[in-house]
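Biologist: I should like to understand the terms used for this structure. May we go through them one by one?

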Amino acid sequence: MDLSLLLGVGRFVLSTTLILLLTVPTAFIIIYLELKVIALMQLRIGPNRVGPAGIFQSAIHGFKVLAKEDFTPDQADRPVFTMAPWMVFMAAAMSMLVIPFAPGLVALDSDISVIYFFAIIGLSVVGLLVAGWASYNKYSLLGGLRSAAQMVSYEIPLTLSIVGVVILTGTLSFTNIIEWQRLHGWGLIWQLVGFPIFFIASTAEINRTPFDMVEADSEIVAGFATEYSGMRFGFFFFAEYVSLFVMSTILVTLFFGGWLAPWPFPAQLAGFGGTIYGLFWFILKTYFFVFVSIWARATLPRVRVDQLMGMAWKVLLPLALVNLFVTAIAVVVFNL
Amino acid sequence: MAIPGTGIVKGFGTTLRNFFSPKVTRQYPETRPQLSDRWRGRLDLIYDPFGDHKCEVCFQCAMVCPVEAIDMSGFDSQGNHIRYGMPEIYDERKDPNAWRRSGLPALPMRNPARWDEAIDTSFVNGLVDGYAARPEALVAIFNAVQTRYGYLPERALRLISDRMTIHWAQVFGAAGLGGFRLLPSEGHLITVCDCAACHFSGGDSILAALREELGIGPGESTDDGRFTLETSSGVGAGAMAPAMRVDTLVYGPLNVEQARHLIHERRRTTAAEGTPQPAGAH
């Protein structure tokens with residue numbers, strides 16, 4: 001076999017393994033943050049028993065989920081029912097392949113990584129839909145349909161809002177987008193309208209509060225996850241937090257300079273030092289937006305279904321189109 | 001016109017402010033709430049060591065209840081059946097004699113308390129009879145009993161309550177109001193007069209010196225049981241203010257050094273005798 005092919009396969013296996021391993025501590029950290037931050041915002045103390053300041057609380061939750069009964073409804077479509085959780089989880093995990101964590105630290109530095117990312121992250125809606133269908137439960141089906149409607153609707157403004165960035169930078173590669181931002185300043189100052197559209201649409205895309213219609217407990221029990229228990233439910237739960245992380249990384253990459261520091265990158269930090277330095281800023285910025293998302297969850301109530309859909313089609317989509325139009329004209333007129 | 005989104009921004013501000021505010025959670029087993037000294041806990045009918053209800057239907061709680069929410073019926077310590085009807089008769093309830101009028105004939109005391117206290121029954125009975133069991137003589141009777149025993153033994157109080165047909169709760173309440181000792185004192189009883197004359201002529205500095213000398217406050221006994229410190233306005237030595245009483249001897253007028261000297265003197269003698277002198281042995 002060709003050596004370069006072997007190297008490519010080895011690189012793929014290594015990077016996917018590392019990405020999958022990365023999802024576990026990421027989800028644990030974000031779940032812990034969510035418990036703790038919401039508690040603090042509600043004037044409570046939050047988890048403080050398991051480990052110092054309760055930092056192992058989410059790990060204990062994980063073990064608890066492992067120990068629970070793995071239940072399948074009698075009439076469920078068994079293979080699909082079993083497959084749905086890992087479809088959702090893999091969609092979130094595999095989208096991490098193209099995220100540039102630091103200079104030189106990206107699993108798949110593709111020319112079309114933006115397209116890859118939005119193609120893969122869009123797959124999770126299939127997982128939610130089949131989970132709702134295969135459960136043989138009205139609430140699950142309603143939850144699955146809601147998730148399909150919501151995610152398909154919000155994917156349009158989400159994708160349109162980043163087209164502005166793509167037109168500006170003239171590239172579909174995240175690495176090149178960051179490189180462009182190093183030369184021209186962060187994407188936020190070029191895309192003042194694009195950023196809020198992306199932020200709102202991505203919140204809806206990953207079913208976070210205030211757009212968590214998919215699992216609106218008071219209306220449809222737990223939505224698509226009603227019949228899921230044990231580690232299958234755990235996969236959905238994991239996927240939710242992994243996709244929160246992933247969306248924050250993409251937000252940082254597109255609008256906040258990725259691994260760039262707020263000031264010029266020190267030239268003497270080449271190679272490994274630069275990687276650590278970039279990773280630090282990248283993680284810092286990412287977790288800031290994770291914090292903002294948790295903050296929003298502690299603040300905002302859930303919107304109604306009609307408000308949700310109206311928001312996507314009547315507000316975000318026109319805004320995104322106008323943003324795209326203005327950006328395109330500006331690029332032509334000012335020859336950016 | 002309101003700018004859209006201001007409510008959302010305000011909400012985010014509130015949650016962020018809360019994020020940094022002090023938390024209201026109380027870590028119960030580790031940190032306990034600060035309770036007032038006068039907190040008596042949940043209202044409950046508890047039992048005494050003899051298995052009877054401790055509630056004696058004395059109506060003291062009903063009398064002090066500001067909203068007059070308490071009503072009750074039952075048997076008091078003398079076996080009287082106390083029963084109240086409608087809340088319209090609040091005025092009657094507040095009359096201390098009202099429940100006695102509604103009671104059944106008195107029975108012997110059911111709960112003999114502290115039988116280890118040997119008291120002179122005929123002395124107490126004679127004392128009560130000497131005052132013709134008049135309730136206003138209660139303080140005079142207490143004084144006589146305290147002079148005899150050095151404190152007010154519980155059995156004597158029970159006997160007084162029984163003999164005078166005054167409720168135990170009221171007798172005990174009067175005895176606890178102040179000026180009387182309810183427990184035997186240990187060692188030498190040092191009484192610093194806190195009447196106005198003594199206080200303003202230097203009694204407070206004497207008290208402070210004795211506090212420092214003995215390491216205890218008024219109403220406490222030293223660890224070795226040699227001295228008990230107390231204050232009283234009843235030393236009755238206004239002419240030689242500031243005055244101090246050690247056991248039965250009254251000294252005055254004193255200055256701080258003399259007061260310290262009296263303590264040192266007692267300390268030497270008790271050390272020589274080897275055993276502390278019990279109070280009230282005179």
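Modeller: Certainly. In chain B, residues 24 or more positions apart account for 59% of the contacts with a separation of 6 or more; two residues are in contact if their C-beta atoms, placed from the backbone, lie within 7 Å. This is a predicted model, in which local features need pLDDT of at least 70 and side-chain atom pairs count only at pLDDT 80 or more, while totals for chains, interfaces and linings use all residues. Residues are numbered from 1 along each chain as its sequence is written, and chains are lettered from A and ligands numbered from 1 in the order in which they are written.

Biologist: Why is A:Phe117 called buried?

Modeller: A residue is buried if 20 or more other C-beta atoms lie within 10 Å of its own, exposed if 12 or fewer, and partly exposed in between. A:Phe117 has 24 such atoms within 10 Å, and therefore counts as buried. Leaving aside neighbours within four places in sequence, A:Phe117 is in contact with A:Ser95, A:Val98 and A:Ile250. The C-alpha atoms of A:Phe117 and A:Ile250 are separated by 9.1 Å, although these residues are 133 residues apart along the chain.

Biologist: What makes H1(A) and H2(A) roughly perpendicular?

Modeller: Helices are DSSP runs of H or I with at least four residues, numbered from the N terminus. The axes of H1 (residues 3–41) and H2 (residues 57–67) of chain A come within 8 Å and cross at roughly 115 degrees. Axes are lines fitted to C-alpha atoms, for helices over the stretch in contact, and angles run from 0 to 180 degrees between N-to-C directions. Angles under 35 degrees count as roughly parallel, over 145 as roughly antiparallel, 65 to 115 as roughly perpendicular and the rest as oblique. The crossing angle therefore makes H1(A) roughly perpendicular to H2(A). Among the residues making the contact are A:Phe28 and A:Tyr32 of H1(A), and A:Ala59 and A:His61 of H2(A).

Biologist: What is meant by a nonpolar core, and which residues have the most contacts inside the largest one?

Modeller: A nonpolar core is a set of buried Ala, Val, Leu, Ile, Met, Phe, Trp, Tyr and Cys residues joined through C-beta atoms within 7 Å. The largest has 82 residues, and A:Val88, A:Val242 and A:Leu251 have the most contacts inside it. Helix H11 (residues 230–255) of chain A gives the largest share of this core, 16 residues. A second, separate core of 18 residues includes B:Val128, B:Val145, B:Tyr149 and B:Val171.

Key
Helices (H or I, at least four residues) and strands (E, at least two) are DSSP runs, numbered from the N terminus.
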